[in-house]
Amino acid sequence: MYRSLGRHRLAYRAQISSYVKAGLIDQALKTFDEMTKSNCRVFSIDYNRFIGVLVRQSRFDLAEQYYYRMIPQGFSLNSFTYSRFISGLCKVKNFVLIEKLLEDMDRLGYVPDIWAYNIYLNLLCCENQLDVALGVVQTMVEKGREPDIVTYTIVINGLCRAGRFDSAVEIWRNMVRKGFSPDEKACRALVLGLCHDGKVDLAYELTVGAMRGRIKFSKSIYNSLINGFCQAGRIDKAQSIISFMRRNGCEPDLVTYNVLLNYCCDELLLEEAENLMKKMERSGVEPDVYSYNELLKGLCKANRLDKAYMMMVNKMEAKGLCDVVSYNTIIKALCTASHTKRAYKLFEEMGGKGITPDVVTFTILIKAFLREGSSNIAKKLLDQMTGLGLLPDRVLYTTIVDHLCKTGKMGMAHSVFCDMVESGITPDVVSYNALINGLCRASRVSEAMHLYEDMHTGGPCPDEVTFKLIIGGLIREKKLSVACRVWDQMMEKGFTLDGAVSETLVNAIHSNDASCMNI
């Protein structure tokens, strides 16, 4: 009889296996259920295999059901299946079940495999649960599962992304103390993070300084350090790193040269920048569009606009290295120098050369024409911009509305405000205040009150400026009872009127009362 049941069990297992290989998981489920309900004795290995299949197929809900069905029967998963289950659950971020499985493993004296821990740690770091991740690392050590280089890299990367550089440095030093040589990914994570936070000296000390001769650094790490020192204005240190990388058989690449170009152009070291471009070409490193745009930026910053334009037309266009950024750089410089008409001519020229203006192009020109009082041209550019499917942001819309209001063009201002709403951009309190201010100055307080009421019903909450604008407009139109009502609402929100304005309102009320009594 026992032999017969054993043969049945083997038959069930074979059938389940064939269904799994054929991808017929539902049939395999049905057969497994039949086996568990038959007279055949089921073992832990059967649940391990079957739950493993469900995990591989990402059928995590079913895997959980069978897991909870298995436990009361005295069965358990082995360490490998637990590790696989935990790794799978990381895909769906099922933290509750992961914690349950870890607790059950601990109770059984099992420890997850290192790869399962690493997958779980990666999830925790991606979800910014860094304190939990650090706790998991500590637990690993206590349970005798020593972190490997992947573990350290994951945690250091997560800490750097979150700006927790002190903790990242502590983990790094602990890793080095334990004899690990950090890999490229770990070095890059730490260097990028520390340099971004302005701690370039520390980044250098922990990597090139401490690891010199022990590991080979990539160009990306050298370039990050060079960029960090350039950002800090320490070109001498940046040059030292370039010499060091050359001595170690690592020649500067395009990124290295572009970092140096950026520094030279920002510092207006234009002769050095031009020499650097020549050096690039002699070294077989062709300057790209970014290289030329950096030099263009430097020339414009030094107000050498004619030279910048000639370089763009004669050199950059000939090499096919002229883009919208190139034009925007010169257009912005021309507008800053109050050469708005020349900037507009360049804008028309770029269209003729097949370079499509972007949001930045239009924003520069619109603001420039507004500054010089040419609001009709600014409105024309805005219409052209939206016609191309380019949406101005809230700040640009508000700037236009504010300017039009201050120049008395209330109809146009209201039209632009409505365009903003219709384009799907929600006005903020600054946008509302710009239009309310214009309406109040134009003695159209009733319309301003409609906007104020809109803010209460579905818009942004009025701020202190809103209340002061509305109350000031109401006082000027002698609508004192409404002004008092708005004043009450203002005080309910915790705002107060300036002493002079509140005194004006009180005096106006008293004056109005006295007039009524004389009548």
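**Group meeting: a walk through an all-helix model**

Let me begin with one residue, Leu 451, which, once neighbours within four places in sequence are set aside, is in contact with Phe 417, Tyr 432, Leu 435, Ile 436 and Leu 439. Please keep in mind throughout that what we are looking at is a predicted model. Leu 451 sits in helix α26, which runs over residues 445-457, and with a relative accessible area of 10% it is buried, because the cut-off for that word is under 20%. If you look for Gly 109 on the screen, you will find it 342 residues from Leu 451 in sequence and 68 Å away in space, taken from C-alpha to C-alpha.

That distance leads to the chain as a whole. Its secondary structure comes to 29 helices and 0 strands. The radius of gyration is 35 Å, whereas the globule rule gives 24 Å for 519 residues, and the chain is therefore more spread out than a compact globule. Along the principal axes, the C-alpha trace spans about 115 × 80 × 45 Å. Of the 519 residues in the chain, 45% are buried, and if we take the contacts with a separation of 6 or more, 59% of them are between residues 24 or more positions apart.

Now to the interior. How many residues does the largest nonpolar core have? There are 164 of them, and the residues with the most contacts inside this core are Phe 85, Leu 225, Ile 331 and Ile 366. Two of these names, Ile 331 and Ile 366, will help us with the next part. Ile 366, again leaving aside its neighbours within four places, is in contact with Ala 378, Leu 381, Leu 382, Met 385, Leu 396 and Ile 400.

Let me turn to a pair of helices, α19, covering residues 324-336, and α21, covering residues 359-371. In general, two packed helices are described by the angle between their axes and the distance between the axes. For α19 and α21, the axes come within 9 Å and cross at roughly 10 degrees, and the two helices are therefore roughly parallel to each other, the cut-off for that description being under 35 degrees. On the α19 side the residues that take part are Val 324, Asn 328, Ile 331, Lys 332 and Cys 335, and they meet Val 360, Thr 361, Ile 364, Leu 365, Ala 368 and Arg 371 in α21. By type, the residues of this contact divide into 7 nonpolar, 2 polar and 2 charged. Ile 331, which I named a moment ago for its contacts inside the core, is thus also part of the meeting of α19 with α21.

The next region is one where buried side chains are not of the nonpolar kind, and I would ask you to look at helix α15, residues 254-266, where Asn 258 is found. Is Asn 258 buried or exposed? Its relative accessible area is 8%, and it therefore counts as buried, given the cut-off of under 20%. Leaving aside neighbours within four places in sequence, Asn 258 is in contact with Met 280, Asp 288, Tyr 290 and Ser 291. Asn 118, by contrast, is 140 residues from Asn 258 in sequence and 37 Å from it in space, C-alpha to C-alpha.

Asn 262 also lies in helix α15, and it too is buried, with a relative accessible area of 16%. Beyond its neighbours within four places in sequence, Asn 262 is in contact with Tyr 290, Glu 294 and Lys 297, so that Tyr 290 is in contact with both Asn 258 and Asn 262, contact meaning heavy atoms within 4.5 Å. Glu 294 has its place in helix α17, residues 289-301, and at 7% relative accessibility it counts as buried. Seen from its own side, and with the neighbours within four places left out, Glu 294 is in contact with Asn 262 and Cys 265.

Finally, a word on backbone geometry in two loops. Most residues other than glycine have a negative phi. Leu 268, in the loop between α15 and α16, has a positive phi near 60 degrees, and at 39% relative accessibility this leucine counts as partly exposed. Asn 303, in the loop between α17 and α18, has a positive phi of about 65 degrees although it is not a glycine, and at 55% relative accessibility it counts as exposed.

Methods
Residues numbered from 1 in each chain as written. Predicted model: local features only at pLDDT ≥ 70, side-chain atom pairs only at ≥ 80, totals over all residues. Heavy atoms only, no water. Core = buried A, V, L, I, M, F, W, Y, C linked by side-chain atoms within 4.5 Å. Buried < 20%, exposed > 50% of the residue type's maximum accessible area, 1.4 Å probe, protein only. Axes fitted to C-alpha atoms, helices over the stretch in contact; angles between N-to-C directions. Helix = DSSP H or I, 4+ residues; strand = E, 2+ residues; numbered from the N terminus. Parallel < 35°, antiparallel > 145°, perpendicular 65-115°, else oblique. Nonpolar A, V, L, I, M, F, W, Y, C, P; charged D, E, K, R; others polar. Rg over C-alpha atoms; globule rule 2.2 N^0.38 Å.
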